[in-house]
Amino acid sequence: MYIKPSGNYWCGRIDSKTDPLSYRFHQQVKLLDLTSDMEDEGIGKSFGLIGFKCDEGVRRNQGRRGAAKAPEAVKQTIAKLPWHLPMDANLFDTGDIECIGENLEAAQAELGKAVSQLLCKGVTPFIIGGGHETFYGHYLGVREYLGPDVSIGIINIDAHFDMRPYGQQTSSGTMFKQILDQDHNCGYLAAGIQKLGNTSALFETAHKYNVSYIVEEQLSSLDTSGALKQLNDFAEKYDTLILTLCTDVINSSFAPGVSAPSPFGLEPKIVRELIRHIVSKNKTISFDVCEVNPDFDHDHKTIALAANFIVEGLMNFNK
């Protein structure tokens, strides 16, 4: 299921071959094969991009397929953006995990191994989904790396709780219930929740599991101080934070290329503010962006947003 990184993604305009201040990402990214090259890579500030080519969870959740194509499209867009990280920072393309057929659980386990491997080498994982089922593999890797005793606060920027029952099968709508059922050393906060994106039963489930949440209206107002305080209070309770972004939280006029478009979603600048705020915390260990669907995008709007959000995360990480 592991696909080695390819230099084909990393090309674009060159303003200068000698002036570092003119570099773009494609001039700085290095390829890192997880099957052979993992020796002392975490020297200095190091990040690893890994794609999760999977939308089997979306299919199971009766959503629009196509998110499996996102890692390639997002990497190609990041490649063309200007480099604003410190010149001694390392950014690696570490390849992709591909879900073969309907083998979602095996793909999630494979992603977990890759995430844990990066963390063990001092490389911060930035995961490009894939459907939001990506997050379960992301979580597995962080938990494997940390061990059972470290408390984890999960922050999900999303219109949906993704806490559906999973008695028959897991999907892109079940991950957070799966995690809270099996890991009692985790807490969960969802930011951007929409009433029309969740049934009353899902709100009841969230209350039963003591899930903290911030509704879309709190984040759409001019004053987000209350929402940021709620995020800060949540973060204080945990040893480590994981951040995940489902791009269907964004208003569909800005992000049409998602599995479940949202007419009342957030504006991109609000999402950027949340990402900057959360990744800047020293407790934050990793970040993923999910549900970008190139098949339904218009003029690369959603792909461009995802690429920019990832770069914002890189620039502001643990500041």
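**Exercise 1. Cysteines**

Is Cys54 buried or exposed at its relative accessibility? Then explain the disulfide count of this predicted model.

*Solution.*
- Start with accessibility. Cys54 has 1% relative accessibility, so Cys54 counts as buried.
- Next, find its partner candidate. The closest cysteine sulfur to that of Cys54 belongs to Cys99, at 3.9 Å.
- Apply the cut-off. A disulfide requires sulfur atoms within 2.5 Å, and the Cys54 sulfur is therefore too far from that of Cys99 for a bond.
- Repeat for Cys246. Cys246 is also buried, at 1% relative accessibility. Its sulfur lies 6.8 Å from the closest cysteine sulfur, in Cys290, which is too far for a bond.
- Conclude. The count is zero disulfides.

**Exercise 2. Nonpolar cores**

Identify the residues with the most contacts to other members in the largest nonpolar core, and the element that contributes most.

*Solution.*
- This core holds 57 residues. Phe25, Ile78, Leu245 and Ile310 touch the most other members.
- Helix H10, spanning residues 301–316, gives the most to this core: eight residues.
- Look closer at Phe25. Leaving out residues up to four places away in sequence, its contacts include Ile78, Trp83 and Leu91, as well as Val311 and Leu314.
- A second core is separate from this one. It has 40 residues, among them Leu111, Phe161, Tyr188 and Ile193.

**Exercise 3. The largest pocket**

Describe the volume and lining of the largest pocket.

*Solution.*
- Volume comes first: about 240 Å³ of space.
- The lining has 20 residues. Asn61, His160, Asp162, Asp248 and Ala260 lie nearest the centre.
- Sort the lining by class: ten residues are polar, five nonpolar and five charged.

Methods:
Residues are numbered from 1 along each chain as its sequence is written. This is a predicted model: local features need pLDDT of at least 70, side-chain atom pairs count only at pLDDT 80 or more; totals for chains, interfaces and linings use all residues. Side-chain values use heavy atoms; hydrogens and water are left out. A nonpolar core is a set of buried Ala, Val, Leu, Ile, Met, Phe, Trp, Tyr and Cys residues joined through side-chain atoms within 4.5 Å. Buried means under 20% relative accessible area, exposed over 50%, partly exposed in between (1.4 Å probe, protein chains only). Helices (H or I, at least four residues) and strands (E, at least two) are DSSP runs, numbered from the N terminus. Contact means heavy atoms within 4.5 Å. On a 1 Å grid over the protein atoms alone, a cavity is a set of points where a 1.4 Å probe fits but cannot get out, and a pocket is an open set with protein on both sides within 12 Å along at least five of seven lines; lining residues have an atom within 4 Å of a point. Grid points are joined across faces, edges and corners, and a volume is the space filled by probe spheres set on the points. Ala, Val, Leu, Ile, Met, Phe, Trp, Tyr, Cys and Pro count as nonpolar, Asp, Glu, Lys and Arg as charged, and the others, Gly among them, as polar.
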